[in-house]
Structures are given as C-alpha cells and as structure tokens.
Amino acid sequence: MFLRRFFEPKLAQTSYLIGCVATGEALVIDPNRDADQYIQAAAAEGAKIKHVTETHIHADFLSGSRELGARTGATVYLSDEGDANWKYAFAGDRNVKLINEGDRITVGNIVVEVLHTPGHTPEHLTFLVTDTAGASEPIGAATGDFVFVGDVGRPDLLERAATMKGTMAAGAKSLYESLRAFSTRPDWLQIWPGHGAGSSCGKGISAIPQSTLGYEKRFNWAFQAKGEQDFVEHVLSGQPEPPKYFAEMKRINKEGPKILGGFPKPPRVEDARLGALVNGGAVVVDTRKASAYATGFVPGTINIPLNASFTTWAGWLVPYTADVYLIVDGGDTAAAAAAATAARDLAMIGLDRVAGYFDSTAIDAWPSTAGQALGTIPQINVSDLAASLQHGAVTLVDVRNDVEWGAGHIPGARHVTLGYVPDRLADIPRDKPVVLQCQSGGRSSIGASLLRARGFDRVVNLEGGMNAWLSAGFPAET
C-alpha cells in the first residue's frame, strides 16, 4: 500500500491518495477541485485512480469528487446516511454509488470500511483502511471533519452557515456518541484528518498532520469531556464565525459542482477598459499587498491581497452572482502567473466567474486614462489614535472576530467583523474620520478598501492593530 497526503494551505484542507502497489488501483479521499495533482501523483506511483470518495458534504471548499470521477472514469462513492435534507442531488450520475455504514470499498488488496460518524454533519463518514497484504486490522482512519489532531469537527455549521435551525445541539449530541463509539477502536489506529490548523471547521486544530487514536484519547479535549452536557457546552462555545461562502459551498456540493476540465486562465484586459468597468459597478479585486494598495489604488476597487488568506476573504466578500476582474502585481509573465493563481484559488471555492485581469500598468495609467487621481488610505499610529479618541475626533471600528473582541478591545471601539462590513454600513457614522483596526493591520486594510469603495471618503488604517496598541501599554477592555 502507498499513501500520499495533499495539503491545500489556503484552505487548510487535506486529501489522501491511497493505492495498492500490487494491482495499480488507487482511491482518493476528499479531493478538492485540483484534479491534476491526484492524477499526476497516481501516475508517478504507476497507479490509476479507480475510486473516489468523500467523508461528507463539505462547507469550506468545493469538492473535487465529481470532477475527478469525470476526468478518470472512477467510481464515486457518496454517503447515503443522514436525513433527507442532506442527500446528494447528483447521486443519479452513472458513476456514482451510494454507501452506508458497514459497506466496503476494495482497492486491490486494500479494504476500506465505511463508518457512519455523524455530528459534524448528519451524513458524515469515516473510512477505516486495512492493507490486507500484510495485516488483518486497520492501519488508519480517514476521519474527515470528525476527529482532528487536538480537536473535533464543529457541529454548529448546519445552523450557523446553512441556516438549518435547531441542529446545533442535536449535532453536538450525535458527535459525542460517535466519539464514544470510535474510542473503542485500537489505540494504534492512525488518524488522518481532513483539516489542519487555520481551518474554520474547528476552533483548536493542531498543525501536526496526523496522530493516533491513543494519543488523541489522552490529549484531545473532546475525549476528556465529563459527560454529554459538558461536551455539548464545550464544543459549541468559542467557535469562529463561519465565512459566508460556507452556505454556498454546502449548496453546490450537495447539488453537484460544475465540471471544469481544468482551471481556466483569465485573459488580460486592456488598461483603458478599467474605468468603464469600475464606473459600471463591476467587481474589481486588487490583489496587491496592502501597503501598495494604500499608497495608490483605483477608486471603486477592493483590496484582497493574494496571500494565505486570499481565499477566505474572497469567499466572504466576492459575490457568486457577478463577473470578477482582478488587478495583479507585475507585468506580462509575472502578472499572468499571479492571475492564474488567483483564479485557481477562487475556483477552489466555486468563484468561477473571473472575466479577466489587469496588471500594474493599469494602476500607473489610471490618472491619464481615467482623468482621475488614484486613491490613498492614510495610516495612523497608536499614539495618534489614542489622542484622537480622547478628543472624540474619530470613529474606531474593530473588524476582528467575536472571540478576539471578547478577549479584549480598545475602549470606545465599535465592533463590526470584517466579513459583515458590507452589510453594516449603516452602523458606521460618516460624520468624522473612520479608523479601521484589527489584530495586526491586515484585515483592517481590507476593511478600509471596502469602506472607500462604498463611498466613505475619510478612512484611515491603524498601523499594527491591537498588537501595537497593547505593546505601547495602552489599556484594553473586555
């Protein structure tokens, strides 16, 4: 048997290629939309992908199961567990086979046993993997969003992200029972989770890529709970705000993702068209670094830097119902590569409507092509902010999440989580300059660009954010 782990950093998402060396058959568990990586890895092992499956209907990325099945001709195995609300709508595809608790997928000499492990979602499955060429018991379990290293999958997403009211507590109780049953498995069982640190599918996921059941039973908080009520209270408290796009991912993954046949490469758009697009209300995302954007940007654009957080904030802030244009750094080859990377990142969460890109020359040419000056976002340090707050000269908006806000915030600040800024413009006064603040200055830069694009003329970003405020010895309140 061979095992390959694939980790997508911007999604903190993990998938697995498992193959039988003797027969050349391979299985992919929880693939994302980048099908080529699995096809190429299987070929490098002298194997072909004959089977594809996933642990559940994902909320945080667009599943690649349907794509990979179409590209390879593999059988796609989908859960038939759970209630009627979470059945796959594309289960009738000719290469789809529904599976339940106790079913087995045979991959050459490898046997994959299906366990129903509800809690994170009602239909969630875990896969026990046994290499029968050398063993009679499982070596590992692909646990998806059931058991992570150091944490377990949150059971509140159906209610908080997919608006399935009344499902949080029931999901938490189901998760508790699933963990109790799973804990009876041998301690040597390896845990191959579906996410690592940085995922919003849990609140304390470790960066360690894999573990064992014995280790998790000793050190994972979820296995230490003092009964069902203690577990339910703990698992439902302190969970991060689920990004808006999670609801869209649930819907698309349930109905059936569109088959791409490969990631598209967006075309370059002539600089002269930028003005008409912006003035016409087009969605234009400037992917340059926040520092570059602040010193000169095209009015009407928003800034989401092409970094590790790009996919998350694009999912929060870019609509699924409109064409999207990108501004990328560099020119010619470098810009084309950056645009392709951004388009791939967007496609990983189903944002497929990237209509084209502009490079840095569009920024330089803006004053002449549009007859309008570039915009700027001033920066303020914590000392000047403290003085301004004392005199009531500014409105301070903290764009961090609820947990960060509750742990301590600058006295006098208003709280509007970054992802909800476009929905809460009416809560932000326009009678004085608005200072945006986060933990270190990154998210607040995005927030500042949003406000400028929505007509706020006096917007300032706090340099260094809450970290700088506390380092300077200023007080915080809870």
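Helices (H or I, at least four residues) and strands (E, at least two) are DSSP runs, numbered from the N terminus. This is a predicted model, in which local features need pLDDT of at least 70, side-chain atom pairs count only at pLDDT 80 or more, and totals for chains, interfaces and linings use all residues. Residues are numbered from 1 along each chain as its sequence is written, and side-chain values use heavy atoms, with hydrogens and water left out.

**Figure 1. Overview of the protein chain, with 16 helices and 21 strands.**
The radius of gyration, taken over C-alpha atoms, is 24 Å, close to the 23 Å that the globule rule gives for 478 residues, so the chain is as compact as a globular protein of that length. That rule is 2.2 Å times the number of residues to the power 0.38. The C-alpha trace spans about 70 × 55 × 35 Å along its principal axes. Of the 478 residues, 53% count as buried (under 20% relative accessible area; exposed is over 50% and partly exposed in between, with a 1.4 Å probe and protein chains only). Contacts (heavy atoms within 4.5 Å) between residues at least 6 apart in sequence join residues at least 24 apart in 67% of cases. The exposed surface of the chain is about 18900 Å², of which carbon and sulfur atoms supply 49%; the areas come from the Shrake-Rupley method with a 1.4 Å probe, and for residues only the protein chains shown count as cover. There are 43 positive and 52 negative side chains, and the centres of the two sets lie 2 Å apart. In this count Lys and Arg are positive and Asp and Glu negative, while His and the chain ends are not counted; each charge is placed at NZ of Lys, CZ of Arg, CG of Asp or CD of Glu.

**Figure 2. Strand 3 (25-29) and its pairing with strand 2 (residues 13-19) and strand 4 (48-53).**
Strands are called paired if DSSP finds at least two bridges between them. Strand 2 and strand 3 are antiparallel and share 4 bridges, and I18 has L27 in strand 3 as its bridge partner. The two strands form a hairpin with 5 residues between them, and G24 in the turn has a positive phi of about 75°. Strand 3 runs parallel to strand 4, to which 5 bridges join it; here A26 is opposite I49 in strand 4. With 4 of its 5 residues buried, strand 3 is largely enclosed by the rest of the structure.

**Figure 3. Two aspartates with positive phi, D30 and D332.**
Most residues other than glycine have a negative phi. D30 has a positive phi of about 55° and lies in the loop between strand 3 and helix 1. D30 counts as buried, at 4% relative accessibility. D332 has a positive phi of about 50° and sits in the loop between strand 15 (324-327) and helix 11 (333-347). D332 is exposed, with a relative accessible area of 63%.

**Figure 4. Helix 2 (residues 65-72) and its buried residues.**
S65, E67, L68 and G69 are the buried residues of helix 2. Their cover includes strand 3, helix 1 (35-44), strand 4 and strand 5 (75-79). Just after the helix, G73 has a positive phi of about 80°.

**Figure 5. Surroundings of A162, in the loop between helix 3 (157-160) and helix 4 (168-182).**
A162 counts as buried at 15% relative accessibility. Leaving aside residues up to four places away in sequence, A162 touches W86, L157 and A247. A162 and K244 are 82 residues apart in sequence, with a C-alpha to C-alpha separation of 9.3 Å.

**Figure 6. Strand 11 (residues 190-193) with strand 10 (residues 140-144) and strand 12 (residues 211-212).**
Strand 10 and strand 11 run parallel and are joined by 4 bridges; A142 is opposite W192 in strand 11. Strand 11 and strand 12 run antiparallel, with 2 bridges, and I191 is opposite S211 in strand 12.

**Figure 7. An open sheet of 4 strands, in the order 14-13-15-16, and the loop residue T287.**
Pairing in this sheet is parallel. Strand 14 (302-303) and strand 16 (354-358) are at the edges with a single partner strand each, so one side of each is left without a neighbour in the sheet. Strand 13 and strand 14 share 2 bridges, and D286 is opposite N303 in strand 14. T287 lies between strand 13 (283-286) and helix 9 (290-295) and counts as buried at 7% relative accessibility. Apart from residues up to four places away in sequence, T287 touches I304, P305, L306, F310, L326, I327 and V328.
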